[in-house]
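Good morning, and thank you for making time for this item on the agenda. Please have the sequence and the coordinates open while I speak.

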Amino acid sequence: LQAEGVPDGLTVVKVDYDSSQNLKQQYGVTVQHTLVQVDETGRSLTKFTGSRTGAEIQDSLVRS
């Protein structure tokens, strides 16, 4: 994402894995570099792990 930029329509919120225990538990995150797509209410829509390009992330998102 840093090299390509964030895809249009996507807002990225970076969270510190080591100090965000509540968020890790809430979204079931067990490894670093996990991306969680949430809706406007904070409900998890999809989750995936690993380095991905902006295009791969865009293709993995749940469309409403």
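Let me begin with a cut-off: a residue is called buried under 20% relative accessible area, exposed over 50%, and partly exposed in between. Arg52, with a relative accessible area of 30%, is therefore partly exposed. Please keep in mind that this is a predicted model.

I shall stay with Arg52 for a moment. Arg52 is located in the loop that connects E2 with helix H2, residues 54-60. Setting aside residues up to four places away in sequence, Arg52 touches Leu1, Ile57 and Ser60. How far is the C-alpha atom of Arg52 from that of Asp18, 34 residues apart along the chain? The separation of these two C-alpha atoms is 21 Å.

Leu1, one of the residues that Arg52 touches, also belongs to a nonpolar patch on the surface. Its members are Leu1, Val6 and Val12, and together they have about 210 Å² of accessible area. Val12 sits in the segment before H1. Val12 counts as partly exposed because its relative accessibility is 44%.

I now turn to charged side chains. As general background, side chains of opposite charge can pair when their charged atoms come close. How many salt bridges does a search of the whole structure find? The search returns 1 salt bridge. Its partners are Arg43 and Asp39, whose side chains meet at 3.2 Å, N to O. The two partners can be described by their accessibility. Arg43 is classed as exposed because its relative accessibility is 51%, whereas Asp39 has a relative accessible area of 16% and is therefore buried.

Lys24 makes an instructive case to set beside that pair. Lys24 belongs to helix H1, which covers residues 21-27. Which side chain of opposite charge is nearest to Lys24, and how far away is it? The answer is Asp18, at 5.5 Å. A salt bridge requires a side-chain nitrogen of Lys or Arg within 4 Å of a carboxyl oxygen of Asp or Glu, so a distance of 5.5 Å does not qualify. Lys24 is accordingly buried yet without a salt bridge. Apart from neighbours within four places in sequence, Lys24 is in contact with Tyr17 and Val29.

The next topic is the strand pair. Strand E1, residues 34-38, and strand E2, residues 44-49, run antiparallel and are joined by 5 bridges. The hairpin that they form has 5 residues between the strands, and there Gly42 takes a positive phi near 95°. A positive phi also appears at His33, a residue other than glycine, with a value near 65°. His33 is found in the loop between H1 and E1, and His33 counts as exposed because its relative accessibility is 60%. Thr30 lies in the loop between H1 and E1 and, at 63% relative accessibility, likewise counts as exposed. The C-alpha atoms of Thr30 and Tyr17 are 13 residues apart along the chain and 9.4 Å apart in space.

Within E1, I would draw attention to Val36. Val36 stands opposite Lys47 in E2. With a relative accessible area of 29%, Val36 is partly exposed. Beyond residues up to four places away in sequence, Val36 touches Tyr27, Val29, Ser44, Thr46 and Lys47. Between Val36 and Asp8, 28 residues apart along the chain, the C-alpha separation is 17 Å.

Finally, which residues does Tyr27 touch, not counting those up to four places away in sequence? They are Val36, Val38, Gly42, Ser44 and Lys47. Tyr27 is placed in helix H1, and a relative accessibility of 17% is the reason why Tyr27 counts as buried. Tyr27 and Arg43 are 16 residues apart in sequence, with 8.7 Å between them in space, C-alpha to C-alpha.

To close, I would leave you with two items to inspect on the screen. One is the salt bridge between Arg43 and Asp39; the other is Lys24, buried and without a salt bridge. Thank you for your attention.

Key:
Residues numbered from 1 in each chain as written. Predicted model: local features only at pLDDT ≥ 70, side-chain atom pairs only at ≥ 80, totals over all residues. Heavy atoms only, no water. Helix = DSSP H or I, 4+ residues; strand = E, 2+ residues; numbered from the N terminus. Buried < 20%, exposed > 50% of the residue type's maximum accessible area, 1.4 Å probe, protein only. Lys, Arg positive; Asp, Glu negative; His and termini not counted. Contact = heavy atoms within 4.5 Å. Patch = residues over 30% accessible without salt bridge, like charges linked within 9 Å, V, L, I, M, F, W, Y side chains within 5 Å. Areas by Shrake-Rupley, 256 points an atom, 1.4 Å probe, with all protein chains shown as cover. Pairing = 2+ DSSP bridges.
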